[in-house]
Amino acid sequence: MASTSTQLLECSLDWTVALNDSVVHNKLLYKLACCGVCDMILVWLKDFLTGRSRAVRVGDCVSTLHFVISGVPQGSVLGPVLFVVFINDIVNCSNDAVSVKLFADDAKLYTVISNESSAANLQSSVDYILSWSNHWQLKLSPSKCTVMHLISPKADIANSSYNATL
């Protein structure tokens with residue numbers, strides 16, 4: 001019979017796994033193969049990623065082990081590198097008019113909105129990223145997305161209402 005603390009730990013782990021959208025291993029291995037990673041390294045990486053388990057520990061209480069079926073190992077040197085390889089092609093979302101900046105698991109898109117065409121370019125980039133995230137099964141967190149408007153004092157405020165939406 002499990003204690004209340006153990007049950008709470010197990011529930012917490014289950015909820016974390018359910019809410020944690022992460023890198024699908026076979027899709028990551030596919031991207032690595034497309035980058036030219038040799039078969040021997042791919043086999044090593046597959047072994048590195050699969051068969052992992054995790055548990056939560058608080059004091060002397062430890063939850064049961066749960067197998068990890070996706071994601072890159074956190075706390076490892078290789079994990080962040082694999083994640084960057086996985087998301088690196090997201091920068092293909094835009095033409096030269098929209099800038100894309102990546103840092104860890106954050107992406108920023110921006111452009112100067114001077115007309116409906118530039119607003120449409122930004123919206124097209126946002127739509128591409130949404131499509132990309134659905135295809136690669138790496139869900140976005142709309143609650144963490146924001147829009148920032150920077151308006152020059154000389155700008156025509158009446159024409160500055162273009163928005164990109166997620």
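Is alanine 97 buried, partly exposed or exposed, and what is its relative accessible area? The answer comes from a predicted model. Alanine 97 is partly exposed, because its relative accessible area of 37% falls between the cut-offs of 20% and 50%. This residue sits in the loop between H4 and E5. Setting aside residues up to four places away in sequence, alanine 97 touches Tyr110, Thr111 and Asn121. One of these partners can be placed by distance. Tyrosine 110 is 13 residues from alanine 97 in sequence, and their C-alpha atoms are 8.8 Å apart in space.

Now step back to the whole chain. Five helices and six strands make up its secondary structure. Read from the N terminus, the order of elements is α-α-α-β-β-β-β-α-β-β-α. The chain has 166 residues, and 24% of them count as buried. Its accessible surface is about 11,700 Å². Carbon and sulfur atoms account for 58% of that surface. Take the contacts between residues at least 6 apart in sequence: 56% of them join residues at least 24 apart.

Helix H4 is a good way into the interior. It spans residues 78-87. Its buried residues are Gly79, Leu82, Phe83, Phe86 and Ile87. Viewed down the axis of H4, these residues fall within an arc of 125°, so they line one face of the helix. What lies over them? The cover includes three helices, H2 (25-34), H3 (39-49) and H5 (116-135), along with strand E5 (99-103).

The nonpolar core takes up the same theme. In soluble globular proteins, nonpolar side chains tend to be buried together. Here the largest nonpolar core has 20 residues. Leu28, Leu32, Leu82, Phe86 and Trp132 have the most contacts inside it. Helices H2, H3, H4 and H5 each supply at least two residues of this core. Leucine 32 shows some of the contacts in detail. Beyond residues up to four places away in sequence, leucine 32 touches Val37, Leu42, Leu45, Leu82 and Val85. Leu82 is also among the buried residues of H4.

Helix H5 holds a buried polar residue as well. Serine 125 is in H5. Its relative accessible area is 2%, so it is buried under the 20% cut-off. Apart from neighbours within four places in sequence, serine 125 is in contact with Cys93, Ser94, Val98 and Leu109.

Leu109 leads on to the strands. Strand E6 covers residues 106-110. E5 and E6 run antiparallel and are joined by five bridges. Which residues face each other across the pair? Phenylalanine 103 has aspartate 106 as its bridge partner in E6. Lysine 101 stands opposite lysine 108 in E6. Two residues lie between the strands of this hairpin. There, alanine 104 takes a positive phi near 55°.

A positive phi also appears after H5. Glutamine 137 lies in the segment that follows this helix. Its phi is near 60°, a positive value in a residue other than glycine. Glutamine 137 is partly exposed, with a relative accessible area of 45%.

Charge comes last. Side chains of opposite charge can pair when their charged atoms come close. How many salt bridges does the structure hold? It holds one. The side chains of lysine 31 and aspartate 89 form it, at 2.8 Å from N to O. Lysine 31 lies in helix H2, while aspartate 89 lies in the loop between H4 and E5, so the pair ties together parts that are 58 residues apart in sequence. What is the accessibility of each partner? Lysine 31 counts as buried, at 7% relative accessibility. Aspartate 89 counts as partly exposed, at 25% relative accessibility. The cut-off for buried is under 20%, so lysine 31 at 7% meets it and aspartate 89 at 25% does not.

The loop between H4 and E5 thus closes the tour where it began. Alanine 97 is in that loop, and so is aspartate 89 of the salt bridge.

Notes. Residues numbered from 1 in each chain as written. Predicted model: local features only at pLDDT ≥ 70, side-chain atom pairs only at ≥ 80, totals over all residues. Heavy atoms only, no water. Helix = DSSP H or I, 4+ residues; strand = E, 2+ residues; numbered from the N terminus. Buried < 20%, exposed > 50% of the residue type's maximum accessible area, 1.4 Å probe, protein only. Contact = heavy atoms within 4.5 Å. Areas by Shrake-Rupley, 256 points an atom, 1.4 Å probe, with all protein chains shown as cover. Arc of directions from axis to C-beta. Pairing = 2+ DSSP bridges. Core = buried A, V, L, I, M, F, W, Y, C linked by side-chain atoms within 4.5 Å. Salt bridge = Lys/Arg side-chain N within 4 Å of Asp/Glu carboxyl O.
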